[in-house]
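Colleague: Got a minute to go through this model with me? I'd like to talk about charged pairs and then about holes.

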Amino acid sequence: MEYRHLGRSGLFISEIAYGNWLTHGSQVEEDAATSCVRAALDAGITTFDTADVYAQTRAESVLGRALKGERREGLEILTKVFWPTGPGQNDRGLSRKHIMESIENSLRRLQTDHVDVYQAHRFDVSTPLEETMEAFADVVHSGKAHYIGVSEWTSDQIRRAHALARELRVQLVSNQPQYSALWRIIEGEVVPTCEELGLGQVVWSPIAQGVLTGKYLPGQQPPAGSRATDAKGGSDMISRWMQDEVLERVQQLQPLAAEAGLSLAQLAVAWVLQNPNVSAAIVGASRPEQVTENAKAAGVKLDADLKARIDEILAPVAVTDPLKVHENVPAKR
């Protein structure tokens with residue numbers, strides 16, 4: 001495993017982070033989830049990403065139990081707040097009330113007294129940004145988080161939040177966007193802004209919800225039990241890639257992966273790690289062997305010619321328009 005600074009902070013995180021968005025507490029049993037966490041630790045992964053909303057709060061609890069007994073100083077635990085975690089009007093968003101209550105609940109579920117990075121899961125259009133950032137600053141100053149981050153914020157939102165964070169004497173160190181060789185919208189505006197301000201990207205879905213593994217074939221039905229067939233978790237998101245033109249181009253990457261001595265999934269994860277503003281790529285898994293295999297993308301260097309050939313193959317189907325970021329940002333609630 002290789003380790004990188006999270007942005008320009010002093011915090012090191014593992015290049016491969018383990019995330020439990022669609023697995024823990026929902027798709028896989030707890031024993032399997034624990035086995036995946038053990039495989040992550042065995043691979044040298046020290047960074048674990050979750051959120052209070054995953055599996056209706058169960059994912060944090062599963063992760064907390066799986067990490068129990070590990071040396072806390074040797075881990076970097078990231079969680080997030082924004083989406084509804086209860087039926088009330090204040091059980092969502094980035095108000096001071098919800099943030100202060102949510103951090104307490106997350107710490108209880110994770111069985112820890114602090115998280116390393118507390119992240120705003122989306123931008124809240126109905127709460128003043130000043131209120132949100134003051135609440136995050138209080139979380140940090142109280143010792144319940146070391147740093148703060150955001151997820152799927154636009155470059156303008158990041159710039160405004162960074163200015164307030166400096167005034168409040170807290171470190172805004174990261175953005176967590178979707179990023180893959182097929183979904184490249186952060187490259188135009190978000191990455192340059194974050195490079196300027198010192199934020200690192202902790203990217204999710206580096207294998208495009210599984211499409212970049214090559215297991216989905218043009219003209220064929222998705223494999224039984226795959227994410228594309230799972231109505232509970234992920235089939236809607238993956239649907240944008242389930243087109244023959246996309247799947248045919250992904251298959252054209254097979255000889256390039258073989259040339260590099262990698263699986264297609266490893267090639268996809270290694271591709272995002274070539275971006276110097278990416279601090280880590282989050283991988284999820286339903287089986288421990290998936291973690292072990294994907295972790296092998298750490299430290300891989302793709303030569304410029306190989307990366308250019310990948311980009312050329314995928315260019316007609318890759319999404320690059322920065323305005324598409326709003327597909328990951330909710331409307332006013």
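Modeller: Sure, starting with a definition: a salt bridge here is a side-chain nitrogen of Lys or Arg within 4 Å of a carboxyl oxygen of Asp or Glu. Also, this is a predicted model, so local features need pLDDT of at least 70 and side-chain atom pairs count only at pLDDT 80 or more, while totals for chains, interfaces and linings use all residues. Residues are numbered from 1 along each chain as its sequence is written, and side-chain values use heavy atoms, with hydrogens and water left out.

Colleague: OK, how many salt bridges does a search of the whole structure find?

Modeller: The search turns up 18 salt bridges. One of them pairs R4 with E15, and the closest N and O atoms there are 2.7 Å apart.

Colleague: Which parts does that R4 and E15 pair tie together?

Modeller: R4 sits in strand 1 (residues 3-5) and E15 in the loop between strand 2 (12-14) and strand 3 (16-19), so the bridge ties together parts 11 residues apart in sequence. Strands and helices are DSSP runs numbered from the N terminus: E, at least two residues, for strands, and H or I, at least four, for helices.

Colleague: And is R4 buried or exposed? Same question for E15: buried or exposed?

Modeller: R4 is buried, with a relative accessible area of 16%. E15 is buried too, at 4% relative accessibility. The cut-offs are under 20% relative accessible area for buried, over 50% for exposed and partly exposed in between, with a 1.4 Å probe and protein chains only.

Colleague: What does E60 form a salt bridge with?

Modeller: E60 bridges to R109, with the closest N and O atoms 2.7 Å apart. That pair links distant parts of the chain, since E60 is in helix 2 (residues 58-67) and R109 is in helix 3 (residues 96-110), 49 residues apart. Both E60 and R109 are buried.

Colleague: How far apart are K97 and E101 in helix 3?

Modeller: They are four residues apart in helix 3, so about one helical turn separates them. Their salt bridge has its closest N and O atoms 2.7 Å apart. K97 counts as partly exposed at 41% relative accessibility, and E101 is partly exposed at 36%.

Colleague: Which residues are linked in a network of salt bridges?

Modeller: R184, E187, K307 and D311 are linked that way.

Colleague: Switching to holes. How many cavities of 30 Å³ or more are there?

Modeller: Two. On a 1 Å grid over the protein atoms alone, a cavity is a set of points where a 1.4 Å probe fits but cannot get out, and lining residues have an atom within 4 Å of a point. Grid points are joined across faces, edges and corners, and a volume is the space filled by probe spheres set on the points.

Colleague: What volume does the largest cavity have, then?

Modeller: About 60 Å³. Its lining includes A181, L212, W271 and I310. Helix 10 (264-273) and helix 12 (304-314) each supply at least two lining residues, and helix 10 gives the most, with four. The lining divides into nine nonpolar, no polar and no charged residues. Ala, Val, Leu, Ile, Met, Phe, Trp, Tyr, Cys and Pro count as nonpolar, Asp, Glu, Lys and Arg as charged, and the others, Gly among them, as polar.

Colleague: And what lines the second largest cavity?

Modeller: A120, M133, F136, I148, G149, V150, W153 and L172, around a volume of about 30 Å³. Strand 7 provides the largest share, three residues. This lining splits into seven nonpolar, one polar and no charged.

Note on methods: On a 1 Å grid over the protein atoms alone, a cavity is a set of points where a 1.4 Å probe fits but cannot get out, and a pocket is an open set with protein on both sides within 12 Å along at least five of seven lines; lining residues have an atom within 4 Å of a point.
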